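User: Could you take a close look at one part of this model for me, the surroundings of the ligand?

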Amino acid sequence: MSVEKRRPTAGQQAAILPPEEVLFGRSEAMKQVRRRAAKIAGTGIPVLLYGPKGSGKEVLARWLHSHSAVSNGQFVKVNCAAIPGTLLESELFGFEKGAFTGAHATKPGRVELADHGTLFLDGVADLDLPSQSKLLQFLQDGRFSRIGDESERSVDARLICATDKDLGEEIAQGRFRLDLYYRINVVGLKLPPLRERREDIPLMAEHFLARCQEQFSVRPEPLSREALHYLQYTEWPGNIRELSNAIARYVVIGPEALMREDLERSAHSWPGPDKNEIVPLKSLCREAIRAGEKNIILAALRANRWNRRKAAQELKISYRLLIYKIRDAGLIPQKKGRTASRSKSEIGPAPSSKNWKD
Ligand SMILES: Nc1ncnc2c1ncn2[C@@H]1O[C@H](COP(=O)(O)OP(=O)(O)OP(=O)(O)O)[C@@H](O)[C@H]1O
Ligand SMILES: [Mg+2]
């Protein structure tokens, strides 16, 4: 199989994902995000995007920019976590030649570049307190000075901030200013984790498959029902980024790689309760046992090429008990109870009898 890279690497994709390729999906949570995003895109109102890593905050920020009145201006991203507090001021507001040692030439800051465009402050919760004060001052009236320059300048930029941290908690811990929070969070948009919008996974998977097919110039096998099923039931701690990487692996290496790696990851061991959390010991044992069982069951199924009877024999439990435990561990959808109340599209097709052997 020849693999030829035509487009930029996966790492560059976030920066160039064209707005028309942004998928919102059919889940209620994402429909709501889309409705809200469409309402606010053209208004210039400051937006705070929050949600876990890889959930699409930057993609949505770029979508908002491209649907805004300042779409002809620049989209200027500042990665707050990557810039040390001491350098942030010069990065944001720029400096004049000779303002400090090493300032060999005048350099405009990011804020200036974003004039009549969008200023995207990514990882805003990672700003230290002095940087937060400077940012707040600027946000009060859009005025600032370059370091080493007395004169005040003003810019008119659309502000979008993003974070994967819980800002309420950061404020409670004294790490984030409440007044800054009110400034940046005029409208908040929450990006849900992928595991809370499983019904969107098949659509996204097919989309990434088509994209990778073009990117790598290979003809992948269509996603089988079983593959789609597992994609829907994996935990996806890395959210959409991780899903898109998994599909890239599927395209380049083949279905085997996807199933094996995702199953192994889905059998993650239970991390245990939070350090400060007090839980009843009985439920602690129950959870630990369930997590351990899930790993062992998967190992037995793998070793027996998904033959459940053989796996049950090896595990020295009855076939019926194994079926029960497979369902209990969420390895296939339950027919009754929890998943029975979900729509068909949400639970996805049952694994075909060809794949599960008895
Ligand atoms: N709505 C979407 N439609 C299509 N692809 C998406 C969408 N959201 C995210 N992706 C894919 O997931 C990747 C990660 O998205 P993005 O960088 O926006 O996440 P993030 O929330 O900013 O993550 P982090 O918190 O790690 O910075 C993107 O490069 C893109 O490939
Ligand atoms: Mg991001």
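Analyst: Here's a walk around ligand 1 and what lines it. First, the small print: this is a predicted model, where local features need pLDDT of at least 70, side-chain atom pairs count only at pLDDT 80 or more, and totals for chains, interfaces and linings use all residues. Residues are numbered from 1 along each chain as its sequence is written, chains are lettered from A and ligands numbered from 1 in the order in which they are written, and side-chain values use heavy atoms, with hydrogens and water left out.

Ligand 1 is surrounded by 17 residues, the closest being L23, G54, K57, V59 and R241 (near here is a heavy atom within 4 Å). By type, the shell splits into eight nonpolar, three polar and six charged residues (Ala, Val, Leu, Ile, Met, Phe, Trp, Tyr, Cys and Pro count as nonpolar, Asp, Glu, Lys and Arg as charged, the others, Gly among them, as polar).

Now the polar contacts (N or O pairs within 3.5 Å). A ligand nitrogen sits 2.7 Å from a polar backbone atom of L23. Ligand oxygens come in at 3.1 Å from a polar backbone atom of G56 and at 2.9 Å from one of V59. Overall, the protein covers 91% of the 630 Å² of accessible area that ligand 1 has on its own (Shrake-Rupley, 1.4 Å probe).

As for who supplies the shell, α3 (57-66), α9 (201-216) and α11 (239-253) each give two or more residues (helices are DSSP runs of H or I, at least four residues, numbered from the N terminus). The largest share, three residues, comes from α3.

Notes
A polar contact is a pair of N or O atoms within 3.5 Å; within protein, one must be able to donate a hydrogen and the other to accept it, and residues adjacent in sequence count only if both atoms are side-chain atoms.
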